[in-house]
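Open your viewer and keep the selection box within reach. This tour goes stop by stop, saying what to select and what is there.

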Amino acid sequence: MANNSLSPREEQDLMINVKSLEEENRRLKEQLNGYSIIFERSLDAIVIFNKNGEFVEVNEAACQLFEMEKEELLGKQFHMFLDLVPPDILLFQQSMLHKFGSFSDELLLKLKNGKIKHIEFSMKKDAFNEFDLVIMRDISARKALERERIINEFLFKDVFNRAVDGIVIFDEFGRFIDVNPAFCISLNLEKAKLLSLSFQQFIAKECTDDFVKLLVELKEKGTAKGELSLVRFDGTVKMFELTTTSNVYSGFYMAIMRDVTEKKNMEIKLQKSEERFRAIFEQAHEAILIWNNHGHILNANPAASRTFELPLNLLVRKNLLDFVDYSDKKVRHVFEQFQKTGEIRDELTFHMPNGEDKQLEFTMKQGVIDGYHLTIFRNVTERRKIEKELRESEQKFRSIFDHAMNGILLWGEGYRILDVNPIACEIFQAPKDQLLYQSVIQFIPEKERKNFYKLVSQCERSGEAYAEMNFPSGEEEQKIIEFSLKKEIIPGVGMMTLRDITERKEMELQLRKSDTLNVVGELAAGIAHEIRNPMTALKGFIQLLQGSIKEDYSMYFNVIMSELKRIESIITEFLVLAKPQAIQYQQNDVCKIMRDTIDLISAQAMMHNVQIIAEFEENIPFIYCEPNQLKQVFINILKNAIEVMPKGGDINVNIQKTAGNQICISIRDQGCGIPQDKIKKLGEPFYTTKERGTGLGLMVSYKIIEEHQGKIDVESQVGVGTTFHITLPIERIEKEDEDEAGVQCL
């Protein structure tokens with residue numbers, strides 16, 4: 001058994017060691033307690049992080065910095081407060097920490113409650129084994145002061161450099177320490193040159209004592225104001241109002257100098273202007289009144305005395321409202337507008353003391369002379385009377401011009417249109433705004449421009465000219481316009497009169513046609529009479545001969561009698577041209593009449609290789625007509641259609657009911673067509689497009705349709721064919737009914 005007992009020496013040494021350890025432990029506890037006090041009471045925030053960047057330990061200052069309780073803060077990631085720090089900055093700071101083991105910098109923290117703080121930090125890597133130590137200090141207030149100082153310095157510099165007034169920093173001897181651009185511009189010198197100079201080198205001689213007094217007052221009171229004239233190196237004088245302050249910048253003085261040269265010059269000019277105004281006021285031809293807010297006249301010039309028919313001493317005792325009827329709406333409106341706008345230009349009737357009324361044009365301005373109102377009057381009574389007469393005269397002219405039955409056009413230089421009335425606009429087929437100030441030549445049809453140039457030349461030579469021209473009117477229609485030109489009806493203005501004479505020309509044409517028809521009618525009556533007499537004799541002798549001959553020649557006699565009846569029928573129809581016939585109109589089926597006609601003429605059509613295609617609308621009503629006469633018309637038109645198609649073709653016959661209680665019979669061929677200028681002549685006596693024709697066939701057809709109260713319209717296209725449209729009324733109106741209808745319309 002071993003002996004574990006200690007010797008006295010060993011026991012003593014052991015006791016010494018235990019005491020030593022206890023002393024060391026006590027000292028370490030005191031030191032740790034001190035560190036704990038320092039850690040907790042430190043004004044700087046102290047944070048210990050683990051390798052994941054999580055809060056492991058924080059002091060009270062750190063809780064205040066992050067504005068969170070310690071329990072809430074521990075375990076949080078430091079990165080959650082670094083949203084405002086750019087990633088590249090964080091990477092740089094981390095690399096510096098890894099490289100050197102410690103690092104100091106600044107950061108922006110965004111707290112949980114949204115506040116932003118600017119901190120200064122110092123970080124030690126692995127300060128406690130694998131824990132990192134960070135000491136942080138809130139420098140937000142300091143940064144704010146720095147920003148404010150920088151902003152103030154920037155604003156001062158900005159104001160200094162941008163100020164409209166001159167700013168000068170100078171010492172107690174007047175030497176320039178700094179000047180702004182506005183002052184450089186005022187003295188027309190560069191800043192570098194000015195900084196080597198002083199006030200004394202620019203002060204005008206008469207202002208030297210004033211500048212000395214200004215410096216004395218500045219030293220005594222710290223501020224001083226005054227006026228100063230500076231002479232530039234080019235000899236021009238600049239006048240300044242200045243305010244000076246001492247010790248604003250490193251013990252120097254500052255002067256703010258406003259250039260009042262223009263203002264002083266304006267005051268001088270104003271003084272001269274007042275003198276001129278007084279002269280103008282007294283000598284002006286227009287009446288001038290100065291009056292107050294209540295309308296009382298305070299001053300008036302001699303012209304006002306003459307206008308208002310009162311001596312000056314009596315006029316200045318009057319009120320402006322004494323001369324007008326304030327119950328008048330216009331008068332009240334004028335003064336109300338004057339109160340609102342401060343100025344007005346208008347015209348009113350003023351009642352003079354002698355009973356005379358004057359029309360005065362005036363301009364009122366509010367408060368222009370020492371707060372009083374100024375009014376300038378002009379008597380426009382006579383002018384307004386003349387203008388009224390001119391307006392009435394112009395209205396009469398305009399009424400005549402616009403309502404004239406003929407077109408009227410006024411032209412100026414280069415035949416440019418100055419004015420044009422509605423009838424002329426209709427003729428040119430253009431609105432007035434499109435015609436005005438354009439050359440009239442561009443509205444003349446291309447085919448007639450050569451004739452128009454001749455007309456203009458004639459007008460230039462003789463002063464007036466006359467001509468007729470064709471103008472387009474609608475689709476493929478023409479109208480005839482009569483031009484009458486007169487040069488210089490007033491200086492620089494010519495007049496052109498335009499008259500649509502298309503109807504007159506057509507009436508003249510119809511008159512000529514009627515004369516021809518009368519001649520043809522008389523000729524037809526004579527020929528029919530001369531033929532009918534021998535025909536009667538022939539018919540009688542044939543009948544006698546038929547009874548006396550015993551042989552059977554009945555077939556021959558029947559043919560002869562049939563042909564004689566046919567000749568007699570033709571003579572009867574021929575007499576249609578001579579005089580109106582007493583025809584018995586009856587209701588008939590026009591479709592049946594057309595079918596019978598087609599059957600009659602189909603043999604001739606087949607011989608010419610022509611096919612007649614009939615197409616009739618269903619339920620065509622009966623019309624009042626003479627069937628034999630209509631058949632004659634259809635035969636004439638169908639025969640013409642066959643003859644214009646020597647190589648054969650189709651003839652389309654169409655019958656349909658149209659608006660207005662009428663029917664339309666259309667006969668269309670595939671012939672060579674008729675030119676537009678010849679269509680109008682169809683139906684005239686002896687006018688024909690055939691080589692050996694007489695034109696009587698169509699003339700008789702037109703006459704028959706006219707007697708049936710219908711009309712014939714022709715459409716044709718050269719090389720395509722021609723269509724005859726025959727329009728007939730379903731119900732015939734007797735002559736007496738027509739006259740009665742005309743009276744009702746009137």
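We begin with the whole chain and then move through helices, cores, aromatic rings and a few single residues.

**Before you start**

This is a predicted model: local features need pLDDT of at least 70, side-chain atom pairs count only at pLDDT 80 or more, and totals for chains, interfaces and linings use all residues. Numbering runs from 1 along each chain as its sequence is written, and side-chain values use heavy atoms, with hydrogens and water left out.

**Stop 1: the whole chain**

Colour by secondary structure and you have 23 helices and 27 strands. Both are DSSP runs numbered from the N terminus: helices are H or I with at least four residues, strands are E with at least two. Of the 746 residues in the chain, 36% are buried. Here buried means under 20% relative accessible area, exposed means over 50%, and partly exposed is in between, using a 1.4 Å probe and protein chains only. Among contacts with a separation of 6 or more, 46% join residues 24 or more positions apart; a contact means heavy atoms within 4.5 Å.

**Stop 2: helix α8**

Select residues 208-221, which make up α8. Its end C-alpha atoms are 20 Å apart, in agreement with the 20 Å that its 14 residues should span at 1.5 Å a residue. The expected span is 1.5 Å times one less than the number of residues.

Which residues of α8 are buried? Show Phe211, Leu214, Leu215 and Leu218 as sticks, as these are the ones. Looking down the axis, you will find them within an arc of 95°, so they line one face of the helix. That arc is taken from the directions from the helix axis to the C-beta atoms. An α-helix has 3.6 residues a turn, so residues three or four places apart point the same way. On the other side of α8, Asp209, Lys213, Glu220 and Lys221 are exposed. Step past the end of the helix to Gly222, where phi is positive, near 90°.

**Stop 3: an aromatic cluster**

Keep Phe211 on screen and add Phe170, Phe176, Phe183, Phe199, Phe202, Phe233, Phe240 and Tyr253: together they form one aromatic cluster. The structure holds 30 aromatic pairs. Rings of Phe, Tyr and Trp (its six-membered ring) pair if their centres lie within 6.5 Å; planes under 30 degrees apart count as stacked, over 60 as edge-to-face and the rest as tilted.

Zoom in on Phe176 and Phe199, an edge-to-face pair with 5.0 Å centre to centre and 70° between the planes. Phe176 is in strand β7 (residues 176-179) and Phe199 in the loop between α7 (191-194) and α8, so the pair ties together parts 23 residues apart in sequence. Phe176 is buried at 4% relative accessibility, and Phe199 is buried at 0%.

For a stacked pair, jump to Trp411 and Tyr415, with 5.2 Å centre to centre and 20° between the planes. Trp411 is buried at 6% relative accessibility, and Tyr415 is buried at 12%.

**Stop 4: the largest nonpolar core**

Select Val590, Met594, Leu630, Phe634, Ile651, Ile665 and Ile726, the residues with the most contacts inside the largest nonpolar core, which has 41 residues. Such a core is a set of buried Ala, Val, Leu, Ile, Met, Phe, Trp, Tyr and Cys residues joined through side-chain atoms within 4.5 Å. Helix α20 (residues 627-643) gives the largest share, 8 residues. In α20, 12 of the 17 residues are buried, so the helix is largely enclosed by the rest of the structure.

Now centre on Ile665. Leaving aside neighbours within four places in sequence, its contacts include Val590, Met594, Phe634 and Ile726. A second, separate core of 29 residues includes Leu435, Leu436, Phe443 and Ala465.

**Stop 5: two positive phi values**

Select Glu309, in the loop between α10 (302-307) and α11 (312-315). Phi of Glu309 is near 60°, a positive value in a residue other than glycine. Glu309 is partly exposed, at 35% relative accessible area.

Then go to Asn609, in the loop between α19 (590-607) and β22 (610-616). Phi of Asn609 is also positive, near 60°, and this residue is exposed at 58% relative accessibility.

**Last stop: Ser122**

Finish in strand β4 (residues 116-128), where you will find Ser122. Ser122 is partly exposed, at 35% relative accessibility. Draw a distance from its C-alpha to that of Met136, 14 residues apart along the chain, and you get 6.6 Å.
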